[in-house]
Structure formats: structure tokens, C-alpha cells
Amino acid sequence: MASSSQDQRPADVSADAAAGPDEVAREVALAMDLVPVPYDFRCPITRDIMQDPVATIDGYVYERSAIQQWFQQGNRRSPCTGLALPALTLTPNTPLKRAIEEYIRMRLSLQCRVLDMKSLQYLVATLAKELQLKSTLVHSRLTNVPVTADDLIEAARAGDASRCQELLAHPLFRGTALRTPLRTTLRTAWRIAAAQGFAGVCFTILEGAD
């Protein structure tokens, strides 16, 4: 018969080995670094990515609010060259604005993909750790609680496949400890379950015993 699934140790996976919240933030920052901000997308005054780029009469482009404030402070020279501007006309740079908007959408999409991937990895690892802990607790409980052959018979008669699986993981029914009387118990439990139509219990007994 096949070895019990309770004896199989979970893979050595823990939430500590996966990305936690801080690690996720670092991964997102790293992903963002892989998509650098083009120099022309930043305002020469604020150094931030522009939302409403406009060009002065000499062709340099700034964030509208930044260059307007520059002029309102009495400045009549170019922030970039220091040369006097013959006029304070501002012209919207629509192609650049569209390019910036597309760039921002791309960065947000990348950020979402990284977050989804890392969050899923963290959740899976956390679940694996919890399952490993539960398995250890169940094994400890079964090892320390007295178990008899009659317990398996009663579980089979009740159609309780989960209980049968737990009992079959107990050292009483494992490996070299499984002597002829206990093998007889297994056959008896299987016949009882089969007679009552408990297919799940029958399968558990066949799968869980050596």
C-alpha cells in the first residue's frame, strides 16, 4: 500500500524566504529604476515629471505652473539660459504631454504587475508555512495520544475518512510496527467501510497504510 500523505514532509518553504511588505517595496522600486524617467520629461525648474508641459518663446519646455510662477516673480529671463526673453508667450507641447502620459501608464502597469507577483508569492509562502505548522501539531498530537486498533475500526464504521487518515499516520500503524494483527485490523476496517459504501474511507485505508 502507498505511504501516508501525513508522513510526507512539506517543502521547505517559509514566508521568511518570500517577499514580505518591505521586500515588495524594494522590488517595486527596483522595477521602477529599470524604467528611468527620460530627461526631457522633467521640468528644468522643479525637476519633477511634467503634467502640463509648455514651451517658452526660446523653445525650452517647463511645467506650466512652474514657469508661470517664475514670470510672476518678475523674472524676464530664461531659467535655462539666463538670456532675456523677448516675450512671455507659453505654447502647450501636446505631443510631449501625450508621451509623458503614456510613460506614466506604462510605469503604473509595471508596478501593478510587480506588486501582484510579489504579493502572490508572499501569500503562497505564508500558506505553506501555516500548513507545515498544522501538520507538525497534528503529528505531535497523534504521537502523544494513545491510539488503539479499535479506533480505526470505529472511524471506518462511522465513515470518517479524515479520522482514518490521522490514525494511519500514528506510529502504531507505520512501518515495521505494522505487525500481522494490525494488518488484520486494516483489512477489517476496509471491509466494514466497503460494506457500508464508504468509498472515501476505503481509498484512505488503501493509500494510508504501508
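Mentor: Buried means under 20% relative accessible area, exposed means over 50%, and partly exposed is in between (1.4 Å probe, protein chains only). This is a predicted model: local features need pLDDT of at least 70, side-chain atom pairs count only at pLDDT 80 or more, and totals for chains, interfaces and linings use all residues. Residues are numbered from 1 along each chain as its sequence is written, and side-chain values use heavy atoms, leaving out hydrogens and water.

Trainee: Okay, what is the relative accessible area of E166?

Mentor: E166 shares a salt bridge (Lys or Arg side-chain nitrogen within 4 Å of an Asp or Glu carboxyl oxygen) with R163, at 3.7 Å. R163 is partly exposed, because its relative accessibility is 29%. E166 is partly exposed too, and its value is 21%.

Trainee: Which helix do R163 and E166 both lie in?

Mentor: Helices (H or I, at least four residues) and strands (E, at least two) are DSSP runs, numbered from the N terminus. R163 and E166 sit three residues apart, about one turn of their helix. That helix spans residues 161–168 and is called α5.

Trainee: Which residue does E154 meet in a salt bridge?

Mentor: Look in helix α4, residues 149–158, where E154 has its partner three residues along. E154 is partly exposed at 47%, and the partner is partly exposed at 38%. The N to O distance is 3.0 Å, and the partner is R157.

Trainee: How many residues apart in sequence are R64 and D52?

Mentor: R64 and D52 form a salt bridge, their closest N and O atoms being 2.7 Å apart. R64 belongs to helix α2 (residues 64–72) and D52 to the loop between α1 and β1, so the pair ties together parts whose separation in sequence is twelve residues.

Trainee: What is the angle between the planes of F41 and Y103?

Mentor: Rings of Phe, Tyr and Trp (its six-membered ring) pair if their centres lie within 6.5 Å; planes under 30 degrees apart are stacked, over 60 edge-to-face, the rest tilted. F41 is in the loop between α1 (21–33) and β1 (53–55), while Y103 is in helix α3 (residues 94–144), 62 residues away. F41 is buried at 11%, and Y103 is buried at 6%. Their centres are 5.5 Å apart and the pair is edge-to-face, at 75 degrees.

Trainee: How far from C43 is the nearest cysteine sulfur?

Mentor: The structure has zero disulfides (two cysteine sulfur atoms within 2.5 Å). C43 counts as buried because its relative accessibility is 1%. The nearest cysteine sulfur belongs to C80, at 8.2 Å.

Trainee: And which cysteine has the sulfur closest to that of C202?

Mentor: C202 is buried, with a relative accessible area of 8%. The gap is 9.3 Å, too far for a bond, and the closest sulfur is in C164.
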